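Biologist: Please take one part of this protein and go through it closely, relating each residue to the element that holds it. I should be grateful if every term were explained where it is needed.

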Amino acid sequence: TTPPVVYNANGIVLNNAILNIVGPVVLVVSGNVIVAGSGQIQLSNQFSSLQIFLDGNMNISGQGIANLNPVPMAKRFSILSTNNTNTHTIKFSPPPTVPFYGVIYLPFQVIQVQSDAVIYGSIVGGSVLFTGNPTIHYDVALRSPDLTPGDAAFANLNAPMVVSGVVASSCAP
């Protein structure tokens, strides 16, 4: 199992570019994540996984997020935030021709799903507003991460650390 590579970014803007993920990656983004035009995030092989820790706005449209693994799994991609204020704009409108396999976990944000997206995974928000007609398939494999090579970025979350009686998940490699 390869440990995940952790990157810090002020923001990610993919207007007409492709972000190709080839292994386990964790992105800590202090600004906005925008995918538009012909832009796309791709998980390109069976070892690809991506966690995005977001502290900004999100607008996923364009060509969305593509999991090109022959057996795509929702637990290999997640967008997470522990920001407990509802101050960000969260829009999710990928094309219905590119199924989304992943988890959106923004428990304090209003999430707007604005397309006829095909979603394999889960969406957790303070509220979720559907203005399109998405098809959602909940993936029961999300109940428990495993330690297969493609899940290396998530293996850290299996054993929470205890700090002064508070349980927190570690994202350090």
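Modeller: A residue is called buried under 20% relative accessible area, exposed over 50% and partly exposed in between (1.4 Å probe, protein chains only). The model is predicted, so local features need pLDDT of at least 70 and side-chain atom pairs pLDDT 80 or more, while totals for chains, interfaces and linings use all residues. Residues are numbered from 1 along each chain as its sequence is written, and side-chain values use heavy atoms, leaving out hydrogens and water.

The part I have chosen is a group of aromatic rings. Phenylalanine F100 counts as buried, since its relative accessibility is 1%. F77 is buried as well, with a relative accessible area of 1%. For F92 the relative accessibility is 0%, and this residue also counts as buried. These residues, F77, F92 and F100, form one aromatic cluster.

How are the rings of this cluster arranged? Rings of Phe, Tyr and Trp (its six-membered ring) pair if their centres lie within 6.5 Å; planes under 30 degrees apart count as stacked, over 60 as edge-to-face and the rest as tilted. This rule gives a count of three aromatic pairs. One of them joins F77 and F100 in an edge-to-face arrangement, with 5.8 Å from centre to centre and 85° between the planes. Because F77 lies in strand β10 (residues 77–80) and F100 in strand β12 (residues 100–113), this pair ties together parts that are 23 residues apart in sequence. F100 takes part in another edge-to-face pair, with F92, where the centres are 4.9 Å apart and the planes stand at 70° to each other.

The strand names need a short explanation. Helices (H or I, at least four residues) and strands (E, at least two) are DSSP runs, numbered from the N terminus. Two strands pair if DSSP finds at least two bridges between them. The strand that holds F77, β10, is joined to β7 by four bridges, and the two run parallel. Within this pairing, F77 of β10 stands opposite L50. Strand β7 (residues 49–54) is mostly covered, as five of its six residues are buried. This strand also pairs with β4 (residues 24–29), in the parallel sense and over six bridges. There, V26 has Q51 of β7 as its bridge partner. Starting from the ring of F77, one can therefore follow the pairing from β10, where F77 lies, to β7 and on to β4.

The strand that holds F100 can be followed in a similar manner. Strand β12 pairs with β13 (residues 118–130) in the parallel sense, over 11 bridges. One position in this pairing is I104, whose bridge partner in β13 is I123. Strand β13 in turn pairs with β14 (residues 135–137), again in the parallel sense, over three bridges. Here I119 has I136 of β14 as its bridge partner. Beyond this strand, Y138 lies in the loop between β14 and α1 (152–155). Y138 is partly exposed, with a relative accessible area of 48%. Its C-alpha lies 4.9 Å from that of G121, although Y138 and G121 are 17 residues apart in sequence.

Some further strands may be set beside these. An open sheet of three strands follows the order β3-β6-β9, with parallel pairing. Its edge strands, β3 (18–21) and β9 (65–67), each pair on one side only. Four bridges link β3 to β6 (residues 40–43) in the parallel sense, and I21 has L43 of β6 as its bridge partner. N67 has its place in strand β9 and counts as buried at 13% relative accessibility. Contact means heavy atoms within 4.5 Å. Leaving aside neighbours within four places in sequence, N67 is in contact with L43, P72, M73, R76 and Y101. L43 thus appears twice in this account, as the bridge partner of I21 and as a contact of N67.

Finally, the cluster may be placed in the whole protein. The secondary structure comes to one helix and 16 strands. Buried residues make up 44% of the 173 residues. Of the contacts with a separation of 6 or more, 50% are between residues 24 or more positions apart.
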